[in-house]
Amino acid sequence: MTDHTGRSLPSAPDRPFVVVNQLGPGIGDRIAAHPSHPTVIADPGPDEPWVVPPEADVLLTRPHPAWRNAPKKAPPGWPHGLKWVQVASAGVDIYPDWLKRDVMMTTGRGIAATPIAEYVFAVMLAYEKRLDKITIHEPMPPYGFGLGGLAGKTLGLFGYGAIGREVARRAAAFDMTVLAVRRSPWTEPDPLVTPCATPQALFAASDHLVVALPTTAETDGIVNADLLAQAKPGLHLVNIARGSLVDQAALLDALDNGRLGGASLDVTWPEPLPAGHPFYTHPKVRITPHVSYSDEGFDGRLVERFVTNFDLFVKGEPIPGIVDVDRGY
């Protein structure tokens, strides 16, 4: 049996599966309780997360910063007996190409779609309602501020996957018009959104615009000076994808020259930005430390995703969400 990429699915060994867990004891305990009785090896703080025992069948990992230091070429003997890598993140840009090519990899795509969508509305409402401006710390006369709103505004989605769909669903409740640009063709109508022909048209029409693209060679730096020059005056840009998608020098210029009204950035490049970076103190910029994905249910949903996938893996059945190496996600 093969997966959708044409690779043969792994067959069960003549021993319990060996799982290397880099996500902490809570998840490890749940894995160990699986009916197949896997052997779980805890690896709590890996300096070299790609170094796993040769008997390992499965690696469960997250985008540890150490992955950025992975060697350019696969280590000698790689992948040994490793058959499958499940990552906690939706994006896979931090992982080396040899990891994605040599072993079946599945992602956490969609696990964080709801908290990220909620974050998007939190920053859009904060922007429109000027929460930082109207919070008072001493007596002030009432009615001194004019506030904006979301009803009747146009929301642009630059990328339309699981996150985009959750954002669009909430936008409908706020009576917003939703436009979207996606890489995949629109094979059937989507009642939540109106397809937009080009990124330029999307930027020109949007009051708020959410960058929700995967990071690939084609999308790196895609939000550049030329695209920002097409933005509707006063546009509020929200980036919850990857910092490398946005040319930050061009963004700073667009904010300073008044083309953009503001930017809410949960991601930057690099992360964190160096001390003294102008974004930290810019009056039109809100930065959060890459936390939009998080809520109290994230780890539970990640465990359920892995256990569901592990059930299929043990049975030798296809697992959904396998990374397409050629597409980059």
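In this predicted model, Glu304 and Arg30 form a salt bridge, with their closest N and O atoms 2.6 Å apart. Glu304 belongs to helix α9 (residues 298–315) and Arg30 to helix α1 (residues 25–32), so the contact ties together parts that are 274 residues apart in sequence. Both partners have intermediate accessibility. Glu304 counts as partly exposed, at 38% relative accessibility. Arg30 is also partly exposed, at 36%. The whole structure contains 10 salt bridges.

A second salt bridge joins the side chains of Lys83 and Asp57, at 2.6 Å from N to O. Lys83 sits in the loop between β3 (58–61) and β4 (84–87), and Asp57 in the loop between β2 (39–42) and β3, so the pair links parts that are 26 residues apart in sequence. The accessibilities of the two partners fall into separate classes. Lys83 is partly exposed, with a relative accessible area of 24%. Asp57 is buried, at 0% relative accessibility. The pair also takes part in a network of salt bridges that links Arg15, Asp57 and Lys83.

Lys232 and Asp207 provide a further salt bridge, with an N to O distance of 2.8 Å. Here Lys232 lies in the loop between α7 (225–228) and β10 (235–239), while Asp207 lies in the loop between α6 (199–205) and β9 (208–211), so parts that are 25 residues apart in sequence are tied together. Lys232 counts as partly exposed, at 29% relative accessibility. Asp207 has a relative accessible area of 17%; this is under 20%, so the residue counts as buried.

Empty space was examined next. Rolling a probe the size of a water molecule over the atoms shows where such space is left. The structure holds 1 cavity of 30 Å³ or more. The volume of the largest cavity is about 30 Å³. Its lining consists of Asn239, Gly243, Val246, Gln248, Leu251, Leu265, Val267 and Phe279. By class, 5 of these lining residues are nonpolar and 3 are polar, with no charged residue.

The second largest pocket encloses about 300 Å³ of space. Its lining comprises 16 residues. Nearest the centre of this pocket lie Tyr127, Asp132, Gly261, Pro283 and Lys284. Two or more lining residues come from each of α3 (113–129), α4 (131–134), β11 (260–265) and β12 (285–287). Strand β11 gives the most, with 4 residues. The lining of the second largest pocket divides into 6 nonpolar, 5 polar and 5 charged residues. Charged residues are thus part of this pocket lining, whereas the lining of the largest cavity has none.

On the surface, Ile136, Met140, Phe145 and Leu147 form a nonpolar patch. Together these four residues present about 350 Å² of accessible area. One of them, Leu147, is located in the loop between α4 and β6 (154–158). The relative accessible area of Leu147 is 44%, which makes the residue partly exposed.

Backbone geometry shows several exceptions. Most residues other than glycine have a negative phi, and most peptide bonds are trans. The peptide bond from Trp78 to Pro79 is cis, with omega near 5°. Pro79 occurs in the loop between β3 and β4. That loop also contains His80, which has a positive phi of about 55° although it is not a glycine. His80 is partly exposed, with a relative accessible area of 45%. The loop between β3 and β4 further holds Lys83, one of the members of the salt-bridge network described above.

Another cis peptide bond joins Trp269 and Pro270, with omega at about 0°. Pro270 lies in the loop between β11 and β12. Both of these strands contribute to the lining of the second largest pocket.

A positive phi also occurs at Asp175, which is not a glycine; the angle is about 60°. Asp175 is placed in the loop between α5 (162–173) and β7 (177–181). With a relative accessible area of 56%, Asp175 is exposed.

How values were computed:
Residues are numbered from 1 along each chain as its sequence is written. This is a predicted model: local features need pLDDT of at least 70, side-chain atom pairs count only at pLDDT 80 or more; totals for chains, interfaces and linings use all residues. Side-chain values use heavy atoms; hydrogens and water are left out. On a 1 Å grid over the protein atoms alone, a cavity is a set of points where a 1.4 Å probe fits but cannot get out, and a pocket is an open set with protein on both sides within 12 Å along at least five of seven lines; lining residues have an atom within 4 Å of a point. Grid points are joined across faces, edges and corners, and a volume is the space filled by probe spheres set on the points. Ala, Val, Leu, Ile, Met, Phe, Trp, Tyr, Cys and Pro count as nonpolar, Asp, Glu, Lys and Arg as charged, and the others, Gly among them, as polar. Buried means under 20% relative accessible area, exposed over 50%, partly exposed in between (1.4 Å probe, protein chains only). Patches are made of residues with over 30% relative accessible area and no salt bridge: like charges are joined within 9 Å, nonpolar side chains (Val, Leu, Ile, Met, Phe, Trp, Tyr) within 5 Å. Accessible areas come from the Shrake-Rupley method with a 1.4 Å probe; for residues, only the protein chains shown count as cover.
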